[in-house]
Amino acid sequence: MAFEKYEDDTWKELLRDNRVKLVEQIDLERNLWSILESRNVLNSRSITSIKSGRNEYEQREALLDYINHKRPTEDKVKFAKALIEDQQEHIVSSYLTKPGDKLPVTQDVPSKENESSQLNRGCLIDIAKGITPTFMLHDLARNLHISPDSVSTHLTNNGGIAGDLRMAALDTLTEWERENGHKPGAEKVLGEALCKIGLNGLAKKHLNYSG
């Protein structure tokens, strides 16, 4: 049986019985938030609520609670498909699929990997790690025409000034990529923005940009 046909009780059982492993292994540093938002499983308010005041481990716990207790069966299916789209298929096959059942051969929402692979294959995560201190993130956002309020929101959602700057930077970059990553020359635009704030090394290493 394909997991799309699971009843809600089956999903609740899988999410409950495998909770410890799911909390340990789900990767929130890729594109899972944006994929779940694009599938209408989460919105900006629910993402803020899940992230606010929590570290990454606690965010995974809160996300699983939200999916298991507050979303309908169809959204639990979308959650599993979002993990597959985010290249976390091993989690679905190990913990969200009953023994003997198979994963879907195709996904109903095409991945953006083919549109802008250089920006989607861990690139944003690696760039976000190098954006420090906080004023660098604000300067980068200004170069990318991201509003200061948006950056402040991402910082607040990830613990404020003393919180996780890397995650705030990743959320900011993901916001920009969602709107611009599919456009021709997106890598160059991001590379130029990085170079303008002195992060030429990041631009060269991750975007092959040395302008």
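Which side chain makes a polar contact with the side chain of His-154? The side chain of Glu-175 does, at 2.7 Å. A polar contact is a pair of N or O atoms within 3.5 Å; within protein, one must be able to donate a hydrogen and the other to accept it, and residues adjacent in sequence count only if both atoms are side-chain atoms.

This is a predicted model, where local features need pLDDT of at least 70, side-chain atom pairs count only at pLDDT 80 or more, and totals for chains, interfaces and linings use all residues. Residues are numbered from 1 along each chain as its sequence is written, and side-chain values use heavy atoms, with hydrogens and water left out.

**The chain**

The protein chain has 14 helices and 0 strands. Helices (H or I, at least four residues) and strands (E, at least two) are DSSP runs, numbered from the N terminus. Of the 211 residues, 49% are buried. Buried means under 20% relative accessible area, exposed over 50%, and partly exposed in between (1.4 Å probe, protein chains only). Among contacts with a separation of 6 or more, 71% join residues 24 or more positions apart. Contact means heavy atoms within 4.5 Å.

**His-154**

His-154 sits in helix 11. It is buried, with a relative accessible area of 13%. Beyond its neighbours within four places in sequence, His-154 is in contact with Ala-168, Asp-171, Thr-172 and Glu-175. Leu-165 is 11 residues away from His-154 along the chain, and their C-alpha atoms are 9.1 Å apart.

**Helix 4**

Helix 4 spans residues 44–51, and its buried residues are Ser-46, Ile-47, Ile-50 and Lys-51. They lie on the same side of helix 4 because they cover an arc of only 125 degrees around the axis. The arc is that of the directions from the helix axis to the C-beta atoms. An α-helix has 3.6 residues a turn, so residues three or four places apart point the same way. On the other side of helix 4, Ser-44 and Arg-45 are exposed. The cover over the buried residues includes helix 3 (32–38), helix 5 (56–70), helix 11 (148–157) and helix 12 (165–180).

Asn-43 caps the N-terminal end of helix 4, with a side-chain oxygen 3.1 Å from the backbone nitrogen of Arg-45. Gly-53 follows helix 4 and has a positive phi, near 70 degrees.

**The largest pocket**

Helix 4 and helix 11 also help to line the largest pocket, as do helix 3 and helix 12, each giving two or more residues. Helix 12 gives the largest share, 5 residues. The lining has 18 residues, and Glu-37, Ser-44, Ile-47, His-154 and Arg-178 lie nearest the centre. It divides into 4 nonpolar, 8 polar and 6 charged residues. The volume is about 330 Å³. A pocket is an open set of points on a 1 Å grid over the protein atoms alone, where a 1.4 Å probe fits, with protein on both sides within 12 Å along at least five of seven lines; lining residues have an atom within 4 Å of a point. A volume is the space filled by probe spheres set on the points.

**Backbone in the loops**

Most residues other than glycine have a negative phi, and most peptide bonds are trans. Two residues here have a positive phi without being glycine.

| Residue | Phi | Loop | Relative accessible area |
|---|---|---|---|
| Asn-40 | about 65 degrees | between helix 3 and helix 4 | 58%, exposed |
| Gln-87 | near 65 degrees | between helix 6 and helix 7 | 38%, partly exposed |

A cis peptide bond joins Thr-132 and Pro-133, with omega about 0 degrees. Pro-133 is in the loop between helix 9 (123–129) and helix 10 (134–143).

Note on methods: Nonpolar A, V, L, I, M, F, W, Y, C, P; charged D, E, K, R; others polar.
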